Structure formats: structure tokens, C-alpha cells
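User: I am new to this structure and would like a close look at one part, its surface. Please take me through it step by step.

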Amino acid sequence: MRVTKDLLAQLPKTDLHLHLDGSLRPATMLDLAAQYGTAMPADTPDALRDYMHVKDARNLMDYLGRFEITLSVMQTEEALERIA
């Protein structure tokens, strides 16, 4: 089958704009943190989920600060493969 612009236009589409670093499950974050010796701001998946849900940001920098936590466990090829 030849891939053409017409074929691509006809294929079903989905929204692929989903940031990997904002899509980690809290349990996965805790597991990776334990594996890599990384401190987390909470010890249980529920508590970490609550912490990661930004309700108190005064500005964009406050909001984006939480991504430092997710990025801290995304620094190896193995972690990235697992998360993806």
C-alpha cells in the first residue's frame, strides 16, 4: 500500500499531545523513586496523587515546579521505557 496525503487525510486521528512527564502514575513514581534512591514528597500513591494535583499555584512557575518531581525519576532509558 502506498502512503499518500489522501490516505493520511482519510485515516482516523487522535490527540497525541500528552506530556509523558505529566502522565506518570503515582505508584510508578514511588516504585522508580525507591529503585533510584530518589526522595518523593509523599510515601503512598494516594498522598502523592494529592500532592501532584496542583491546587495552590500562584503562577506558571509554581505549577511547573511539580514537574521536577516527575522528571527526577525519568532519567534512565529503562524508566522512560516503563513509563511510556
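Analyst: Let's start with a yardstick: a residue is called buried under 20% relative accessible area, exposed over 50%, and partly exposed in between, using a 1.4 Å probe and protein chains only. The model is predicted, so local features need pLDDT of at least 70 and side-chain atom pairs pLDDT 80 or more, while totals for chains, interfaces and linings use all residues. Residues are numbered from 1 along each chain as its sequence is written, and side-chain values use heavy atoms, without hydrogens or water.

Leu-64 is a good place to begin: its relative accessibility is 36%, so it counts as partly exposed. This residue sits in helix H4, residues 60-65 (helices are DSSP runs of H or I with at least four residues, numbered from the N terminus). Together with Leu-60, Met-61 and Tyr-63, Leu-64 makes a nonpolar surface patch of about 430 Å². Such a patch joins nonpolar side chains within 5 Å, from residues with over 30% relative accessible area and no salt bridge. The areas come from the Shrake-Rupley method with a 1.4 Å probe.

Now for the charged side chains. The structure holds four salt bridges, each a side-chain nitrogen of Lys or Arg within 4 Å of a carboxyl oxygen of Asp or Glu.

One of them joins Asp-31 to Arg-82, with the closest N and O atoms 2.5 Å apart. This pair links distant parts of the chain, 51 residues apart: Asp-31 is in helix H2 and Arg-82 in helix H6, residues 77-83. Asp-31 has a relative accessible area of 37%, so it is partly exposed, and Arg-82, at 39%, counts as partly exposed too.

Asp-46 and Arg-49 form another, at 2.9 Å from N to O. Both lie in helix H3, three residues apart, which is about one turn of the helix. Asp-46 counts as exposed because its relative accessibility is 51%, whereas Arg-49, at 43%, is partly exposed.

Arg-66 and Asp-56 also pair, their closest N and O atoms being 3.4 Å apart. Arg-66 is in the loop between H4 and H5, and Asp-56 is in the loop between H3 and H4, ten residues away. Here the partners contrast: Arg-66 is buried because its relative accessible area is 13%, while Asp-56, at 54%, is exposed.

One last stop is Gln-35, back in helix H2. Its relative accessibility is 53%, so Gln-35 counts as exposed. From Gln-35 to Arg-25 is ten residues in sequence and 15 Å in space, C-alpha to C-alpha.

Methods. Patches are made of residues with over 30% relative accessible area and no salt bridge: like charges are joined within 9 Å, nonpolar side chains (Val, Leu, Ile, Met, Phe, Trp, Tyr) within 5 Å. Helices (H or I, at least four residues) and strands (E, at least two) are DSSP runs, numbered from the N terminus.
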